[in-house]
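Visitor: I have a new structure open and no idea where to begin. Can you walk me through it?
Guide: Yes, ask away once it is on the screen.

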Number of protein chains: 2
Amino acid sequence: MSKDLHMLPSTAIEDRLEAGRLEIDIHLQEIIEKAIAKGHGEVAKLAGQVLLAGGKRMRPLLILLAHEVAGGIDRDQVIPLALAFELIHTATLVHDDINDKAKQRRGVPTIHERAGSEKAMIAGDWLFVQGFALGGRYDVTIVEIMAECCARIASSELQQLAHVNDLATTPEDYYSIVSGKTAQPFAAGCQAAALVAGLGPEQARELGEFGMELGLAFQIVDDLLDILGDERMGKPRGADVIEGKMTLPLIHALTLLHGDSRTRLSEVIVGFNDGLWDELVELLTEAGSLEYARTLVRNHLDRALSILRQFPQSEARDCIESLTQMVIDRYE
Amino acid sequence: MSKDLHMLPSTAIEDRLEAGRLEIDIHLQEIIEKAIAKGHGEVAKLAGQVLLAGGKRMRPLLILLAHEVAGGIDRDQVIPLALAFELIHTATLVHDDINDKAKQRRGVPTIHERAGSEKAMIAGDWLFVQGFALGGRYDVTIVEIMAECCARIASSELQQLAHVNDLATTPEDYYSIVSGKTAQPFAAGCQAAALVAGLGPEQARELGEFGMELGLAFQIVDDLLDILGDERMGKPRGADVIEGKMTLPLIHALTLLHGDSRTRLSEVIVGFNDGLWDELVELLTEAGSLEYARTLVRNHLDRALSILRQFPQSEARDCIESLTQMVIDRYE
């Protein structure tokens, strides 16, 4: 990895990112307040519990910055896009959490835990609608990018369901699932932001490719944190393993191990419980799977940065680099 | 009710409506096929099972005809809008059916019955996305009409949940729920179609008002059919009563009856089962509630038609009148 990935974010950059987060939070708050004023108080308040509970705002921040990197000047033009992606992202979280029976999200109880899955489903639908209402302000190219992105999320979720506890899941399956579910929204957001900024389709696709690589790194870090644990995740260590989700380290180890170790790993994964933690980590270490995942993270981030650096240096570009660094900082 | 409401639809009108339905079916089929070609086969096929299972296509037909009544000439301009409303309508059905644990929809098993509620939720999300992708082609006024319509659907669904088995539900509550849940999509569709046709905002709102009245009539007919039974409904007689949904005849009877009859009606509603049918119908008849509901249907339809007739006579207007008549034909 190149050296300047390790640059410490200057206070200026940190301030800018924090200001961006605050700006997004204020706009999201306004959406909820406007909906309450229009008489949609119950659904808006329910949805608002998760929407306004914070979160890193990674996607909307990235969109605002990508717009600037692409030469965009009028911030007002891109704000609805950034909010749209955050609203749609939150909608998928609310619906996913129902399916996963998750208890917490962004540090607060999930909507279905508070109000039941019927209301949570409706609140998720409402968030989708708010997102598409904002996205629908843009021209058809951008609407289609958003729609294709959401369709891929749905397809990948089905694919993921089909591979629950499937020990034969291949790395190719994995990449197909996570590129659709996690990385595509990063890619679509960056590409759309670039188009809003007035960049040509070719260059916008490049910035989309940056988002894709960043999103893949982001997902693999999530996989690592599921095994290594991180209280900031707001979900218990091992949630994915318990749900039977085939994360990259598991898939790698299942492919690489043979004989008794492979048999034992299968047993540990299928019958996973808290008492099996140490053994799981040992087996993954034996297979070199955690190190392999770390290498992939670095590769994806390196590719992301090399694309990014084709764009002229600017404060916004420094901020994106800093944001990119934060992805890896989550476990390092 | 005016006499010509009873006109028999001419073969020409019937043919036109049937041709419209076929046209819509072909477009919907194309959407599914295109999604399969794009690699979204699993979710598209799942969603397609309900989307392509037929149905009256009342909403998209109405939109195509309203566009013409409003002076629209280029049918291609309004097709995406008609499809968008049908897709979104189907999305809400798929999600509603999960919540209601419904076994059948449009004569076929519901998606969650076939594939489980996890996949059904995702299929519903996908249908929403397809709908908004088409709606997003239009300018912001129309996107906002669609978004507000969907937000009202969500709000009304929550309100309806809050009134399940609530014997104190007022006619005002009822109208607030059904205008949001059922009539608003008719209203929004007609209003948006009129705008697409180039009508001014004031006249477009008028056509929206026609849709609202028609939608209210449609809902009250549904309420009547739930009690009187109709095999074409594709749901068992009494489904609403069993689910504790407060339909108009129940609300009216609870308001009107006193003493023993009121007490008995409460017991029948709360502890409803098939053995209580005759008694329920007797109590509703005693209160005049079925007749009251029929009167309201006629009033709403009369208002709908009187608005419609402010627009110049045309083949399309005759078709809408015919469609309006079909609403009442469902129980008469």
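Visitor: What radius of gyration does chain A have, and what would a compact globule with 332 residues have?
Guide: This is a predicted model, to begin with. A compact globule with 332 residues would have a radius of gyration near 20 Å, and chain A has 20 Å, which agrees.

Visitor: What does the C-alpha trace of chain A span along its principal axes?
Guide: About 60 × 50 × 35 Å.

Visitor: And how many helices and strands are in chain A?
Guide: Chain A has 15 helices and two strands.

Visitor: Now the pair. What turn lays chain A on chain B?
Guide: A turn of 180°, with a shift of 0.0 Å along the axis, and the RMSD is then 0.0 Å. That is how a two-fold axis relates two copies. The C-alpha of chain A nearest that axis belongs to Gly136(A), 2.1 Å away from it.

Visitor: How many residues of each chain are in contact?
Guide: 32 residues of chain A contact 32 residues of chain B. On the chain A side, α2 (41–51), α4 (79–100), α6 (117–135) and α7 (140–162) each supply at least two of the residues.

Visitor: What classes do the residues on that side of chain A fall into?
Guide: There are 18 nonpolar, seven polar and seven charged residues on the side of chain A that touches chain B.

Visitor: Why do the copies meet through the same surface?
Guide: Because 100% of the interface residues of chain A are also interface residues in chain B.

Visitor: Let's change topic to helix packing. At what angle do the axes of α3(B) and α4(B) cross?
Guide: Roughly 160°, and the axes come within 8 Å; α3 covers residues 58–69 of chain B and α4 residues 79–100. Angles over 145 degrees count as roughly antiparallel, so that is the description for α3(B) and α4(B). Their crossing is right-handed.

Visitor: Which residues make the contact?
Guide: From α3(B), Arg59(B), Pro60(B), Ile63(B) and Leu64(B). The residues from α4(B) include Leu81(B), Phe85(B) and His89(B). By class, the contact has seven nonpolar, one polar and two charged residues.

Visitor: And how do α1(A) and α15(A) cross?
Guide: At roughly 85°, with the axes of α1 (residues 11–37) and α15 (residues 315–329) of chain A coming within 10 Å. That makes the two helices roughly perpendicular. Ile13(A), Arg16(A) and Leu17(A) of α1(A) meet Asp318(A), Cys319(A), Ser322(A) and Leu323(A) of α15(A). This contact has four nonpolar, one polar and two charged residues.

Note on methods: Residues numbered from 1 in each chain as written. Chains lettered and ligands numbered in written order. Predicted model: local features only at pLDDT ≥ 70, side-chain atom pairs only at ≥ 80, totals over all residues. Least-squares fit on C-alpha atoms with pLDDT ≥ 70 in both. Contact = placed C-beta atoms within 7 Å. Helix = DSSP H or I, 4+ residues; strand = E, 2+ residues; numbered from the N terminus. Nonpolar A, V, L, I, M, F, W, Y, C, P; charged D, E, K, R; others polar. Axes fitted to C-alpha atoms, helices over the stretch in contact; angles between N-to-C directions. Parallel < 35°, antiparallel > 145°, perpendicular 65-115°, else oblique. Left-handed = near helix turned anticlockwise from the far one by under 90°. Rg over C-alpha atoms; globule rule 2.2 N^0.38 Å.
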